[in-house]
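Open the model in your viewer and set the display to cartoon. The stops below each begin with something to select and then say what is there.

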Amino acid sequence: MMQSIYSAVSAMKAEQTRLDTIAVNLANVNQNGYKAKRVDFKDALYTAMRSPVAADNGGNLLKGTGAVVGATATDFGAGARVATGKPLDVAIAGKGFFTVQGTDGTTYYTRGGNFDVSVEGDLRYLVTASGNYVLDAAGQRIGLPPNTVPAIAPDGVITAGGRQIAVLGLVQFQNEEGLLAQGNGLFAQSPASGAPRGAVSEVVQGSVEGSNVELSQELTLLIRTQRAYSLASKALQTADDMDGLANHLR
C-alpha cells in the first residue's frame, strides 16, 4: 500500500515541475529572444514481482514506482521576427547567438537583440536591454562614436560616421541543447555544447526576435497537466483511505 502512495507522490512532483515550467513560459511569452522550456519524463524504477525467467508459465509481472522528471530541455526554434524600426534592434535570421559580457566579466550568449547605448563618461558602448556589453568578433566591447546612428549590415558589420567600427560577435554551437541557461535570456557554454564557432547566419537591423512560446500549445498543455495532477492527487487520497481502513481493522 505504501508503494501506491510513493507512486502517486512521484507523479504529483513531476507534474508540479511541468506546471512550474509552463508558468515560466507563459510569463516570458513577450520577452524578446526567449526560448521555451519543456519537461521530459522518464519511468522510475521497476521491480520484478515475478521473475521473467521462472518456469511459472513464463509470467513476468513488473511493479512500477511512478514517473520522474528526466530533464528540462530548451526549445531553440526561432521566434517570430518583429519589425521595430529602431536602429539598435537586431534579429538573427537563422541559427546563432550574440556574444555578450556580463557584469561579472563572464562571457554569455543570447538571442535577445534589443540593444541600447551605455554612456560612461566620454565613452558609449553597445549593451543589451539588461546592461550586458555586446562583444565584437574579437571578443571586445563595441564602442560607438558620439552623435552617430550606427548601420548594421546583414553580415554583422557595424558602421558609423562613414567608417567601420566593429563586427558583431555572432557564434553558434554544435549542440545548442548543451548550453546552460543562466536566466534573463542568457546562456553559458558547457562541455556538452562544445566550443563556440563563427555563425554563418545574417542579421536584420530594425527588427527583434520574439519569444518562441506557442501560447495555444502552452494553454493546452496546462489543462492536461492540471488534470494529470488532479488524477495523481486522487490516487494518493484513495491509497491513504485504504491505508486508514486497513489500520482500523479489528
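Which residue in strand 15 does phenylalanine 97 stand opposite? Select phenylalanine 97 and look across to strand 15: the residue standing opposite is valine 171. Keep in mind that this is a predicted model.

**Stop 1: the whole chain**

Show the full chain before going further into strand 7. The secondary structure comes to 2 helices and 20 strands. The radius of gyration is 26 Å, well over the 18 Å that the globule rule gives for 250 residues, so the chain is more spread out than a compact globule. Turn the C-alpha trace along its principal axes, and it spans about 90 × 35 × 30 Å. Buried residues make up 38% of the 250 residues. Now switch on the surface: the accessible surface comes to about 13900 Å², and 52% of it belongs to carbon and sulfur atoms. Of the contacts with a separation of 6 or more, 63% are between residues 24 or more positions apart.

**Stop 2: strand 7**

Select residues 97-101, which are strand 7. How many residues of strand 7 are buried? The count is 5 of its 5 residues, and the strand is mostly covered. Show the side chains: Phe97, Thr99 and Gln101 point one way, while Phe98 and Val100 point the other way.

Next, add the partners of strand 7. Strand 15 (residues 170-172) runs antiparallel to strand 7 and is joined to it by 2 bridges. Strand 8 is also antiparallel to strand 7, with 4 bridges between them. Here valine 100 has tyrosine 108 as its bridge partner. Strand 7 and strand 8 form a hairpin with 5 residues between them. Select glycine 105 in the turn of that hairpin; its phi is positive, at about 85°. Strand 11 is joined to strand 7 by 2 bridges, again antiparallel, and tyrosine 133 in strand 11 stands opposite glutamine 101.

**Stop 3: aromatic rings**

Show the rings as sticks. The structure holds 7 aromatic pairs. Select phenylalanine 76 and phenylalanine 97: their rings are edge-to-face, 5.9 Å centre to centre, with 80° between the planes. Phenylalanine 76 is in the loop between strand 4 and strand 5, and phenylalanine 97 is in strand 7, 21 residues apart. Both of these phenylalanines are buried.

Why is the pair of phenylalanine 98 and phenylalanine 115 called edge-to-face? The planes of the two rings stand at 75°, with the centres 5.1 Å apart, so the pair is edge-to-face; the angle has to be over 60 degrees for that label. Phenylalanine 98 lies in strand 7 and phenylalanine 115 in the loop between strand 8 and strand 9, so the pair ties together parts that are 17 residues apart in sequence. Phenylalanine 98 is buried, with a relative accessible area of 1%, and phenylalanine 115 counts as buried at 6%.

Now select Phe76, Phe97, Tyr109, Phe173 and Phe187 together; these form one aromatic cluster. Then go back to tyrosine 133 and add arginine 141. The charged end of arginine 141 sits over the ring of tyrosine 133, 3.7 Å from its centre.

**Stop 4: a three-stranded sheet**

Select residues 151-152, 157-160 and 163-167, which are strand 12, strand 13 and strand 14. The 3 strands form an open sheet in the order 12-13-14, with antiparallel pairing. Strand 12 and strand 14 stand at the edges, each with a single partner strand, so one side of each is left without a neighbour in the sheet. Strand 13 and strand 14 pair over 4 bridges. Zoom in on alanine 160, and arginine 163 in strand 14 stands opposite.

**Stop 5: two asparagines in loops**

Select asparagine 147, in the loop between strand 11 and strand 12. Its phi is near 60°, a positive value in a residue other than glycine. Asparagine 147 is exposed, with a relative accessible area of 82%.

Then select asparagine 184, in the loop between strand 16 and strand 17. Phi of asparagine 184 is positive and near 60°, and this residue is exposed, with a relative accessible area of 54%.

Definitions and conventions: Residues are numbered from 1 along each chain as its sequence is written. This is a predicted model: local features need pLDDT of at least 70, side-chain atom pairs count only at pLDDT 80 or more; totals for chains, interfaces and linings use all residues. Side-chain values use heavy atoms; hydrogens and water are left out. Two strands pair if DSSP finds at least two bridges between them. Rings of Phe, Tyr and Trp (its six-membered ring) pair if their centres lie within 6.5 Å; planes under 30 degrees apart count as stacked, over 60 as edge-to-face and the rest as tilted. Buried means under 20% relative accessible area, exposed over 50%, partly exposed in between (1.4 Å probe, protein chains only). A charge sits over a ring if NZ of Lys or CZ of Arg is within 6 Å of the ring centre and within 35 degrees of the ring normal. The radius of gyration is taken over C-alpha atoms; the globule rule is 2.2 Å times the number of residues to the power 0.38. Contact means heavy atoms within 4.5 Å. Accessible areas come from the Shrake-Rupley method with a 1.4 Å probe; for residues, only the protein chains shown count as cover.
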